[in-house]
Amino acid sequence: MELEVKRAQRGDREAFIRLFRRLEPELYGLAKSIVRRDEDCADVFQETTLKAYKAMSTLKKPQYFKTWVIRILINECNQLLRTRERTVAMAEVPETARSAHYYEDSRKLDLREAVENLDESLRIVIHLFYYQDLPIKQISGVLEISEGAVRARLHRARGILSDQVKQTREGKLAYESF
């Protein structure tokens, strides 16, 4: 990957495209966990790609390319969320009725959905640690928080997820004994 990054830094468009195609599923998953809507994910991904392409020459260490791009993506997601907060919606389009009833039945709650229900700060740390396989030190750098804060958020999120799994199991047991 470092060789591709060095080629991209020298202006090789194809190398840059290959890099982004390789990271696309991970970046899209992270964007989805932050902004939640597909159209917003597409906007954020496009802006991230553009900013990364324009700023490739500023990347000092090619081995941190993935972390650098993730930081750009998170900043773009946060920017989108800030502008969304300032936007006044005239009429909210309700999500499908199915989704509202789906969460009422805790037996159907799987781990990915449980992660998506976490508070944003916990969800991002879980996503970066487990889905992106970033070490705590890099997560700390990307989110600009201390390593202790990353560990605390991981611990808190694991506790919440554990409780949800226990509730789901208890619900299944109660349902099966019926």
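Which residues is F65 in contact with, leaving aside its neighbours within four places in sequence? They are M1, V5, L19, F20, L23, M56 and L59. The model is predicted. The chain has nine helices and zero strands. F65 belongs to the largest nonpolar core, and F65 also takes part in an aromatic cluster.

**Overall make-up**

- Along the sequence the pattern reads α-α-α-α-α-α-α-α-α.
- The chain has 178 residues, and 34% of them are buried.
- Contacts with a separation of 6 or more were counted across the chain, and residues 24 or more positions apart account for 64% of them.
- About 11,600 Å² of the chain is exposed. Carbon and sulfur atoms supply 52% of that area.

**The largest nonpolar core**

- This core holds 44 residues. F65, I74 and L128 touch the most other members.
- Eight entries make up the list of helices that give two or more residues to this core: helix 1 (2–9), helix 2 (13–35), helix 3 (38–54), helix 4 (65–86), helix 6 (111–116), helix 7 (120–131), helix 8 (136–143) and helix 9 (147–177).
- Helix 2 gives the largest share, at 10 residues.

**Aromatic pairs**

- A pair of aromatic rings is described by the distance of the centres and the angle of the planes.
- The chain has six aromatic pairs.
- F16 and Y53 form one of them, with 5.1 Å from centre to centre and 70° between the planes. The geometry is edge-to-face.
- F16 sits in helix 2 and Y53 in helix 3, so this pair ties together parts that are 37 residues apart in sequence.
- The two partners differ in cover: F16 is buried at 5% relative accessibility, whereas Y53 is partly exposed at 38%.
- F20 and F65 are also edge-to-face, because their planes stand at 80° with the ring centres 6.3 Å apart.
- F20 belongs to helix 2 and F65 to helix 4, so the pair links parts that are 45 residues apart in sequence.
- Both F20 and F65 are buried.
- One aromatic cluster takes in F16, F20, F45, Y53, F65 and W68.

**Helix 7**

- Helix 7 has 12 residues. From its first C-alpha to its last it reaches 15 Å, close to the 16 Å expected at 1.5 Å a residue.
- Its buried residues are L122, R123, I124, V125, I126, H127 and L128.
- An α-helix has 3.6 residues a turn, so residues three or four places apart point the same way.
- D133 follows helix 7 and has a positive phi, near 55°.

**S33 and I34 in helix 2**

- S33 lies in helix 2. With a relative accessibility of 1%, S33 counts as buried.
- A polar atom of the S33 side chain lies 2.8 Å from the backbone oxygen of L30.
- Not counting residues up to four places away in sequence, S33 touches E116, R123 and H127. Of these, R123 and H127 are among the buried residues of helix 7.
- I34 is found in helix 2 as well. Its relative accessible area is 3%, so I34 is buried.
- Which residues does I34 contact, leaving aside its neighbours within four places in sequence? They are I74, C77, L81, E120, R123 and I124.
- R123 is thus a contact of S33 and also a contact of I34.
- I74, a contact of I34, is one of the core residues that touch the most other members.
- I34 and E116 are 82 residues apart along the chain, yet their C-alpha atoms are separated by 8.9 Å.

**N75 in helix 4**

- N75 has its place in helix 4. At 43% relative accessibility, N75 counts as partly exposed.
- The C-alpha atoms of N75 and L143 are separated by 9.2 Å. Along the chain, N75 and L143 are 68 residues apart.

Terms used
Residues numbered from 1 in each chain as written. Heavy atoms only, no water. Core = buried A, V, L, I, M, F, W, Y, C linked by side-chain atoms within 4.5 Å. Buried < 20%, exposed > 50% of the residue type's maximum accessible area, 1.4 Å probe, protein only. Helix = DSSP H or I, 4+ residues; strand = E, 2+ residues; numbered from the N terminus. Contact = heavy atoms within 4.5 Å. Phe/Tyr/Trp six-rings, centres within 6.5 Å; stacked < 30°, edge-to-face > 60°. Expected span 1.5 Å × (residues − 1). Areas by Shrake-Rupley, 256 points an atom, 1.4 Å probe, with all protein chains shown as cover. Polar contact = N/O pair within 3.5 Å; in protein donor to acceptor, adjacent residues only side chain to side chain.
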